[in-house]
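Colleague: For the discussion of this model, I should be grateful for a close look at a single part, namely its salt bridges. Please set them within their structural surroundings and explain the reasoning as you proceed.

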Amino acid sequence: MAEKTHESLAGRVLALVAGGQATTRTELGQQLGAPASSVSLAVQQLIARGLVTEEGQQSSTGGRPRKVLRVGHRDEFAVAADLGGHHARIGIVRGGGARERLSTVPLDLAAGPEACLDLLVDEFARLVDATPGKLSAAGLSLPGPVDVEAGCVDSPSRMPGWHRYPIRERLADRLGVTAAIGNDANMMAFGEDAAHQGERQYSITVKAGTAIGAGIMLDGRLYLGAGGAAGDITHVRVLAAGDIPCACGNTGCLETVASGAALQRILRESGRSVSTTEDVVALVESGDPVANQAARQAGSYLGEVLSANVNFFNPDTVLLGGILSTLEPFVAAVRGQLYKGCHPLLTRDLRIEPTSLGADAGLVGAGLQALQQSLAATLESLPRTPVAPVARLRKEVHV
Ligand SMILES: [Zn+2]
C-alpha cells in the first residue's frame, strides 16, 4: 500500500509541476498536504526518469537560492491555439506557462473543422520551424461544449459542422504529437491558475464574450464534473429572459440576456449598428448611454447566476475574463450583484479580479494541458514503471 501511495504522489507531483501550479518542494507539500519526505521521494523518482529537473535559482529578494522544479527537457514546447468565431490566437507555450511567438490569425469557424485544421497545422508548422527545441504537444481551446473523453465538441451552437468531428485525433495525427482539446472557459481557468501558482485554491473563472462560460479549479485541478460540462452557466434560465429563444434550442437562458450575442441583439433593436461583440465593446467605451445601460444590465444578470454558484461553491476567487469583462459597467454590475446575492461569510474574503493573462489565458491553458498529457503519455510508455499509476494520472490530467 505504501508503494501505491508514492506512485499516486509522483503522478500528482508531475501534474502540478507540468501545470505550473507548483515549482518548489515546499509548494508541492502545501498543495498536496503530504509530508516533505514523501514529496521528496516522489520528486526523486521523477528526476531519476528524466521527467522532472531541479535547478537552483537566486531568490529575487537576495535570500538563499531556492531549488526550482521544471518539467522534463527545457527545450520542449507545445503549440497552442485559442479559437474564436472569426480568429485564432496562436503561439508557443512552455512548461510553467511561458508563451512566445504569439499572433492572432483570421480563422472562420463556420468553414468547418477540416478547413480550420488545415490552417492551424500550417500556422503551427511555421511556429515550429521558427522555434529552437522540440515540439512535444499541441493544445486547442474551443468555444463550445467539449467531450474530453472522445476528443470532440458536442452540439456546439456556434461551430457548424464540428459536431463529433474527431478534432483531437486528427490534430495529433497531423502533427505527430500528443494533442489536447478543451472548452475555452476551462482552458482559461487552467491557464490563469498556472499563472498564479498556489495562490488560489478554489476559483471560478468566467469567460464573458459572445457566449458565457465558466471554469472551476480545485486545488490546482480543473473540475469537469461527471459529463465534462461543469461550469456551463450560459444555459441557466433566468426569469428576466422570459421566452427569448436561445441558440441551444431552449428559451430564457442567461445567454439570451447577458452575453455579447445578446448585447448585439439588444443594441440593434435600439437602432445601433453593431454586428460583433467588439462593436458592442467599442460602443460602450464611446460613452453611448444605451450601450452602457445594456452592459450594466447584462453584468447584473450574470452576477445573479454567479451568486447562486458562489453561494453553493464558496470559492476564494472569482476571475472575470473575456471581452465583456474589459467593460467597467459590466464588471461593476457583476461585482455588485455578487455582494448583494451572497452571504457575507462567502464574500468577506472573496477576491473578484480580472484575469491576468487577458487574451492569452486560453492559449496558455491549452498549451499547458497538452504538455501535461504528453508527459502522461511518456509515463505510460515507461516499461513497468513504479513511478505513477497511469490510469489515475491520465484521469487527473485528462481534461
Ligand atoms: Zn440556452
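Modeller: A helix here is a DSSP run of H or I with at least four residues, and helices are numbered from the N terminus. With that in hand, helix α4 can be taken as residues 113–130. The model is a predicted one, and every value below is computed from it.

Within α4, Arg126 and Glu123 form a salt bridge whose closest N and O atoms are 2.5 Å apart. Because the two residues are three apart in this helix, about one helical turn separates them. Their surroundings are not equivalent: Glu123 is buried at 17% relative accessible area, whereas Arg126 is partly exposed at 44%. The cut-off that matters is 20%, under which a residue counts as buried.

A search of the whole structure finds 15 salt bridges. One of them joins Asp360 to Arg99, with the closest N and O atoms 2.9 Å apart. Asp360 belongs to the loop between β14 (351–354) and α13 (361–381), and Arg99 belongs to strand β5, so this pair ties together parts that are 261 residues apart in sequence. Asp360 is buried, with a relative accessible area of 8%; Arg99, at 33%, is partly exposed.

A further pair lies within one loop. The side chains of Asp154 and Arg164 meet at 2.7 Å, N to O. Both residues are in the loop between β8 (152–153) and α5, so the salt bridge ties together parts that are ten residues apart in sequence. Asp154 is partly exposed at 29% relative accessibility, and Arg164 is likewise partly exposed at 35%. Elsewhere, salt bridges that share partners join Arg89, Arg99 and Asp360 into one network.

The strand that carries Arg99 leads to the sheet. An open sheet of five strands has the order β5-β4-β3-β6-β9, and its pairing is mixed. Strands β5 (99–106) and β9 (178–183) are at its edges with a single partner strand each, so one side of each is left without a neighbour in the sheet. On average, neighbouring strands of this sheet are turned by 15 degrees against each other, direction ignored. Inside the order, β3 (residues 76–83) pairs with β4 (residues 87–93) in the antiparallel sense over six bridges, and Ala81 stands opposite Ile90 in β4.

Two helices lie across this sheet. Helix α5 (residues 167–175) crosses β3, β6 (134–142) and β9, running at about 150 degrees to β9. Helix α6 (residues 184–195) lies across β3, β6 and β9 too, but at about 105 degrees to β9.

For the wider setting, the chain holds 14 helices and 14 strands, and buried residues make up 54% of its 399 residues. Among contacts between residues at least 6 apart in sequence, 62% join residues at least 24 apart. The Asp360 and Arg99 salt bridge, whose partners lie in parts 261 residues apart, is a link across the sequence. By contrast, the partners Arg126 and Glu123 are three residues apart in α4.

Terms used
Residues are numbered from 1 along each chain as its sequence is written. This is a predicted model: local features need pLDDT of at least 70, side-chain atom pairs count only at pLDDT 80 or more; totals for chains, interfaces and linings use all residues. Side-chain values use heavy atoms; hydrogens and water are left out. Buried means under 20% relative accessible area, exposed over 50%, partly exposed in between (1.4 Å probe, protein chains only). Contact means heavy atoms within 4.5 Å. Two strands pair if DSSP finds at least two bridges between them. Axes are lines fitted to C-alpha atoms, for helices over the stretch in contact, and angles run from 0 to 180 degrees between N-to-C directions. A salt bridge is a side-chain nitrogen of Lys or Arg within 4 Å of a carboxyl oxygen of Asp or Glu.
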